[in-house]
Structure formats: structure tokens, C-alpha cells
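Got a new structure to look at? Let's ask how its parts earn their names.

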Amino acid sequence: MNNQVTAELEASLVYLQLSYVLDDLGLVGMRDWMKNQSEEELEHADKFSQHLLNRGYVPQIGDIAPPKLDIATAVDAFEAALAHEQKISGLIRELAAIQDAERDYDSRALINWFLEEQVEEEAAVAEILDRL
């Protein structure tokens, strides 16, 4: 679960970088959407961190490499966002499997919330891509 804190912080940086690119393209509405997503990913990291802290574990942020994205269009940006959301969804599913295997019932509500959240996140980005 500690690794998920780092993954959520990385996701925040990905969205922040995408917001910079969209700003450079003059797409300020899309820029703002990406910035909001960046802030939401910070909230996700905090949810995992608080859960760990409440259970007596101090989260340790792992290494985060700066996002390397090759973006030239809005479609590129949202495709990158969708790919990253799919990556995060996979990590959450892995956490769910570990939680079940370890019989970590105290984490069930948190993991279930994130499983549902990821379905919504992927759907939102996919809908935007459909409109582009």
C-alpha cells in the first residue's frame, strides 16, 4: 500500500505535466481539467497515507521520475491520461488481491472505494477522448 502512495503522487505529476502541455497548446479548459485531476491524485495519495498512519505505519514516498510524455495534441494528452489511469487501475487491482490474500479486512473499504473510483476515472477520460 505504501507503493500506492508513490503511484498516486506520480499520477499527480503526470496530470500536472499534461496541464502544462495543454496550456502551451492554448487549450485552457483542458489545462484546467488536468490540473483538477492532478489535485485529485494528491487527495488519493493522502487517503492511502492516512490509512497507513491510522494503522501505525509512516508512509515512505518512493522514487518518482519526472513524466516523459510526447504530446503534440489534445488527443495525445488524453490518451496518455487514459493509459496512466489504466496503469493505476492495475495497481489497485493488485492491491485488492494482496488485501484478500493477506486477509487485511481493515483495508477492504478503502480498496473498494478506489476500485470504484478507477472505473469512474477511466470512463471520464474515455468519454472525453470519444468527443475529441
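Q: What makes a stretch a helix here?
A: Helices are DSSP runs of H or I, at least four residues long, numbered from the N terminus, while strands are E runs of at least two. This is a predicted model, where local features need pLDDT of at least 70, side-chain atom pairs count only at pLDDT 80 or more, and totals for chains, interfaces and linings use all residues. Residues are numbered from 1 along each chain as its sequence is written, and side-chain values use heavy atoms, with hydrogens and water left out.

Q: What makes a residue part of the lining of the largest pocket?
A: A pocket is an open set of points on a 1 Å grid over the protein atoms alone, where a 1.4 Å probe fits, with protein on both sides within 12 Å along at least five of seven lines; a lining residue has an atom within 4 Å of a point. Met-1, Asn-3, Gln-4, Ala-7, Leu-91, Glu-94, Leu-95 and Ile-98 line the largest pocket. H1 and H3 each give two or more of its lining residues, and H3 has the largest share, 4 residues.

Q: Which residues touch the most other members of the largest nonpolar core?
A: Leu-18 and Met-34 do, in a core of 15 residues. Such a core is a set of buried (under 20% relative accessible area, 1.4 Å probe, protein chains only) Ala, Val, Leu, Ile, Met, Phe, Trp, Tyr and Cys residues joined through side-chain atoms within 4.5 Å. H3 brings the largest share of this core, 6 residues.

Q: How do you know what Met-34 is in contact with?
A: Contact means heavy atoms within 4.5 Å. Leaving aside neighbours within four places in sequence, Met-34 has contacts including Tyr-15, Leu-22 and Phe-78.

Key. Buried < 20%, exposed > 50% of the residue type's maximum accessible area, 1.4 Å probe, protein only.
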